[in-house]
Amino acid sequence: TSLKNRRAPTLCHSVTRGCARKAPDQWRQVQATNDENGSAVPMDVLRAQLSNFVDGVREMGVDIKFPLPSPVLADVRGVLQPRTKVEGVEMMPYVEDNFLPRGCVLRNTPWVLGVAVYVGDDTKTRLNSGTSGLKFSNMQANLNKCVWGLLGCLLLICLYATIMAFSLEGSAAANAELIEDASNPIIRFFMFCVAYYHVLPLSLYVIYEMLKLVFMYQINSDEQMFDPVRGMKAQARAGEIIEEVGQVNFLFSDKTGTLTANEMVFARCHIAGQDLGEFRPQDGSPGEGMLQARRILEGGSVSPMYDNVLNFFTCLAVCHSVQVSYKKKGGDEGPNRPAFSGMSPDEVALVQVAHEAGVTFRSRVRKKSGSASELIVQGPGETERAFKVLHELAFTSDRKRMSIVAQHEGSMWCITKGADSVMEPLLTEPFTQACKDDLRTFSRQGLRTLIVGMRKIPEAEFAEWDAEFCAARNLIDETKDATMQAVSAKLEKGMVFMGITAVEDRLQDGVPEAIEVIKEAGIRVWVLTGDKTETAVDIARSCKLFSEDTTMAYALNADGASMAESLLLQAHDLLEGKDNTGLVLDGQTLVHALPDVSCRKIIYQLGILSRSCICSRLSPMQKLELVCLVREESPSTITMSIGDGANDVPMIQGAHVGIGIRGREGTQAVQACDIAISYFRFLVPVLMCHGRRAYRRIALFLCFYLYKNVALLMCDLWWTHQDQFRARIAFPEYLSTGYNVFFSAWHILFAVGFDRDVNDQVACASPGMYQVGPRRALFNARVFSSWVLLGVLQGTLVWVVPFYMLDTQNAVYDKRTPERFWITSFSAFTAINVVVWAKLILSSPSPCKMTMLLPTFVAFLMYVGVVMCLSYTSLGNSFQPCFEGIPFRWMRSGPALMATAV
C-alpha cells in the first residue's frame, strides 16, 4: 500500500477482483469504507474479506526482492513480482511511500497488506542506534587531565614516602607497629596509597554527573522558553555538554525555519517580462498584483497576457504534491472552501495563491490501478480541467527542482519548478534582462524565488522514457537514486519559460534582537543556507547580522582552486585590522576551497577576522565540512550548530553543541540535537543564562573539589614526615571517609547547582558577562594552579599550627585508646572542614543566599552528628575506639580551641 497517497498497488486490485467474485456481498460492504462518507464496516465482514484477500495472494504467489539492510530512513528499495502472470502487471517497486516506520498512525485505512522484511538487528531503528559518537565536554577532558595529574603526583608521593621509610632503616621507622610484611617495599608502597587515597575520591565524578542532571532540569523547567503554541518548553537531551554552551566561539545557523518562521506567503511574480506587483495583502485588502492577476483571468482572452497568466497559475496548481480538504466558511452554512496541506510550505503557498487568483486545485483522485492520479483544476470561472499525473519527479537537494509528468487533452506535458541556477540551462532560451533584473530585485528583498517551466513531450519520446524510468525505479541496488536522477534529467530539458515565483519567509519574532545579543557576547555567527546569495545577504541585514557600517568581503563564483584562494586572500586583506566586518561565501567557491589545505586555513582566519558570515548555495555536507573545518583548525574552539530540518542534522551532530528547533520540516533535527527549543530567540536564555551559569558552576565545582582534597592530603603528608614515614593515618578512618561523602561533598550539589550571580533578565541584557566562557577565564592552568597552591598552603597551616601549639611531638599514637594525639587530629580536621566551607561561601557569587547557607549549615550539622555518634555511642566506640570522648575533651581544652581558631 502506498501510505503517502493511501493507494493500493495494482497487484492488490487483481487479487480483490477475485475476492469480489467469491463473496460479492461482503466485498460490497467493505468497499463502502473507501467512499467519502467513511461508513463503518462490521468487524466480522472485514475479517472475512481480509481472509479472502490473503488466500488470493497465496494462490497467486509473489516474489519479493530487497537489498541488504541500510540505516538511511529514506532508502527503501525493493520489488514485488507475482509468480502468476497478471494482466498489466510485471513488477512493482517498493519505495519510501510503502514504508511504515514505527510510531506512524494510519487514518482512513481499513486494512493494509504488510511485509516484515527487516527485523531484529536489521531494522532501521537498530541500525541507526549509536551511529553518532558520544560527546564529551572540554571540562570533562580537563577534569580527566587533572585527575591523571593528581594520580601521578600521588604515586610519586607514595614512592617518595616508601623510599624515605626504608632510608630510615634502624631508626623509629624500623620499629614501626606495622603488619608483618611491612618490610616489603611493595606492601609499604600500597600502604601509603591507601593512606592518601582520598585525594582522588569517587564522589568527584558522582557529584559532577548529578550537577549535569540539575542543569538539565533547570533548562527543561525554564518558563522563558515556553512555547504557548505547542505547549512545550525547552528540552535538554544531553547533559554531557551543557557547560560548553557557556563557552561557544562559533555559532553555525540554518536560515529557513531557523531564523525565519517557515511560513511562506506569496509576495510577487514575474510573467511575460513583467512584475505583476505586490501579492501580499495591504491593510486587509488584496495586493495590487493579486488584483491585476484576477482582472486578467476574469477578462478572458481580451488581455494579451491572458494565456501567459493562465498557463503560469495552472502550472502552480498542477505541479505539486499538495493535498486538499474542504471546510465550511462559517458554521454549517455556506459553500466548502479548500484547505491545502503538504510537506513543503513553499508548495502550499504556490497552490494557495493560484486558488486566490482564480485557478483552484480541486481534487486528486487516485486511479484504481497503476500509479497515476487524476488532478482536477477549476478556473477561471466554473471550468474544470483534468490532468492525469503519471509521474512525480521529487525535489532533492541535489536536483534542486521538482517535476510532474501529466497528460492533458491527449497531450503529454512536463511541468518543472526549481532554483534559477539549475533551471536556466534547461530552458530553450536564456533569461532575458528583465527576468534577471526581477530575480535580483526579489532576492534583495529577501524573497525565495523559483523558476517555472513546461514542455510538451512527443508520444514516442515519452514511451521510450517511461520504460527507462520504470526500469530505474525497479532497481534495488545502490545505483537506483543516481540512475533515477539521470533518467529524470533526460525529460527535464527544452523547457518553455513560464515565469518566476517570489515567496516571503518572514523572520521569526525576536531574531534581530537575539543575534545582536549573541554578537555582543563575542560569538561569531555564520548563517549557512541553500538560498541565493542576494536573498541570504538581505535576510542577514534584516536580522542585524550585517549593519550599514559593516565592512563586507565577498568570495563568490570561483571556478577553480587558484581562483578561490585568490578571492579568499583578497577578502583577508580587506578585513584585516577592521572591527565591524562581514564575510560572504558561496557553495561554488567552497567546492574548490574546502579540499585545499591552504584555502581551509584562510577560511578559518577569515572566520576569526569577521564577526559574522553568510554562506549561500550550500549542500548539507558543505555545512558539516565548515563546522569540521573550524574544529580541525582550532581544536580548543567550541562550536554550536542550530537548525530545524533533516538537512541540518549533519552540522548539528558535527558541532560540539547541537540545537534543534521544533519547526515545520519534521523532527529529525530535534531527535539529533543536544537541546531542543521552539524558536531562535530562545537561544539567548540558553546561552546567557543556562550556558554561562553551567560553565561558571562547573569551573567552581572542579577547582573547589580538588582544592579541598589537596588540603586534606597536605595534613597527611606533614604527619607522615613527623611520624618518620610509618604509614600511619593522621585522622580517624571514619572521619576521613565522611569528608568526601557527608561533610564537604553533597552540599556542593545544592550550593553550586542552584546559585545565581544575577537574575535572568540582567543576564540576557548583559552579554558581556558571557565572555568569560569563550576566554576560558574561570578554568585554566593558572586558575587551577592557584587553587591547588591555596590547598597546599591552607592544608599545611591547618595541620602544623595545632600540632605544635598542642605540643604533639611526644604524644602517644594508639588507635585503640583516646590519647592526646587525637585531640590534635580532631582540631585539625575540624579546622579543615571550617576552612573549606568558608572558602566555598566566599568563592560563590551569591554567598548570602539560602541556596548557599542552608546546605552548608546542614553539612555542619551532619559533621556534628557523626562526631557525636563516633564518640558517645557504643557502636561508634566499637568502630573508632580512639575517638571516645574526644569532642568534649577538645571543647574543655583552651589550647585546642585556640589552635583550631588560629
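The paragraphs below follow a set of paired strands and then turn to backbone features in loops of this predicted model.

A convenient starting place is strand β13, which spans residues 401-408 and is mostly covered, since seven of its eight residues are buried. On one side of the pairing, β12 and β13 run antiparallel and are joined by five bridges, and within this pairing His 391 has Val 405 of β13 as its bridge partner. Strand β13 is also joined to β14, made up of residues 411-418, by eight bridges, again in an antiparallel arrangement; here Gln 407 stands opposite Met 412 of β14. Strands β13 and β14 form a hairpin with two residues between the strands, and in this hairpin Glu 409 takes a positive phi near 55 degrees.

Moving back along the chain from β12 (384-393), one reaches the loop that links it to β11 (373-378), and this loop contains Pro 380. The peptide bond between Gly 379 and Pro 380 is cis, with an omega of about 0 degrees.

Two further loop residues deserve a look for their backbone angles. Asp 283, which is not a glycine, nevertheless has a positive phi of about 55 degrees, and its place is the loop between β7 (274-275) and α8 (288-299). Because its relative accessibility is 83%, above the 50% cut-off, Asp 283 counts as exposed. Gln 724, likewise not a glycine, has a positive phi of about 60 degrees and is found in the loop between α23 (683-722) and α24 (733-743). With a relative accessibility of 30%, which falls between the 20% and 50% limits, Gln 724 therefore counts as partly exposed.

Notes:
Residues are numbered from 1 along each chain as its sequence is written. This is a predicted model: local features need pLDDT of at least 70, side-chain atom pairs count only at pLDDT 80 or more; totals for chains, interfaces and linings use all residues. Side-chain values use heavy atoms; hydrogens and water are left out. Helices (H or I, at least four residues) and strands (E, at least two) are DSSP runs, numbered from the N terminus. Buried means under 20% relative accessible area, exposed over 50%, partly exposed in between (1.4 Å probe, protein chains only). Two strands pair if DSSP finds at least two bridges between them.
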